[in-house]
Amino acid sequence: MPKEMTYSGYELLDATFSLSDHIQKNCYYQFQVRPADEFKFLEIFNRSREHTHNEVSILFHALVQGFSQGSNHPLYTLNINYMIRFMISKNRFVERQLVRNHFPYFMGFAHHAARALIESVLKYNAIPGTLQASPENRD
């Protein structure tokens with residue numbers, strides 16, 4: 001990965017949440033993260049119109065399903081679309097192939113961003129125990 005590339009965060013684009021009628025206690029969730037086919041390379045300018053740096057943005061989707069213990073029927077579903085962003089030197093240009101070549105690197109950031117977004121949505125809900133991630137979802 002280029003040394004000039006710095007993770008600059010994530011941006012929530014949209015989210016949908018659906019809840020079944022049967023709220024249970026001691027829920028857990030499972031989630032999957034997958035990339036969309038959207039990649040943006042932007043030149044960033046300051047107010048003086050001076051080129052300060054470049055930015056790479058990659059779109060991801062996260063699908064979250066909540067379950068009660070002993071059930072395989074989803075209690076709730078959360079779909080999240082978000083972008084992760086990286087800042088790079090103004091002298092560097094990044095192509096889609098670089099992202100493909102270093103896919104595990106970018107997926108690590110996408111996974112952490114998804115976890116933060118999921119927990120921010122589930123933190124204040126009416127379903128007890130939903131912050132328990134499935135053991136299958138480890139960062």
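Reader: What is the mean pLDDT of the protein chain, and what share of its residues reach 70 or more?

Author: This is a predicted model, in which local features need pLDDT of at least 70 and side-chain atom pairs count only at pLDDT 80 or more, while totals for chains, interfaces and linings use all residues. Residues are numbered from 1 along each chain as its sequence is written, and side-chain values use heavy atoms, with hydrogens and water left out. With pLDDT being the predictor's confidence in each residue, from 0 to 100, the mean for the protein chain is 84, and the share of residues that reach 70 or more is 83%.

Reader: Which element of the protein chain has the highest mean pLDDT?

Author: Helices (H or I, at least four residues) and strands (E, at least two) are DSSP runs, numbered from the N terminus, and the chain has 2 helices and 4 strands. Helix α1 (residues 96–101) has the lowest mean pLDDT, at 80, whereas the highest, at 93, belongs to strand β4 (residues 76–88).

Reader: In what order do the strands of the open sheet lie?

Author: Along the chain from the N terminus, the elements run β-β-β-β-α-α. Strands count as paired if DSSP finds at least two bridges between them, and β2 and β3, which run antiparallel, are joined by 16 bridges. The open sheet has 4 strands with antiparallel pairing, in the order β1-β4-β3-β2.

Reader: Why is one side of β1 and of β2 left without a neighbour in the sheet?

Author: The strands β1 (6–19) and β2 (27–45) each have a single partner strand, so one side of each lacks a neighbour in the sheet, because both stand at the edges.

Reader: Which helix packs on the sheet, and what angle does its direction make with that of β4?

Author: Axes are lines fitted to C-alpha atoms, for helices over the stretch in contact, and angles run from 0 to 180 degrees between N-to-C directions. Contact here means heavy atoms within 4.5 Å, and the helix touching β1, β2, β3 and β4 is α2 (residues 103–122), whose direction makes an angle with that of β4 of about 130°.

Reader: Which residues does His 61 touch, not counting residues up to four places away in sequence?

Author: His 61 is found in strand β3, which covers residues 51–68. Leaving out residues up to four places away in sequence, His 61 touches Gln 32, Val 33, Arg 34, Ala 36, Ile 80, Asn 81 and Tyr 82.
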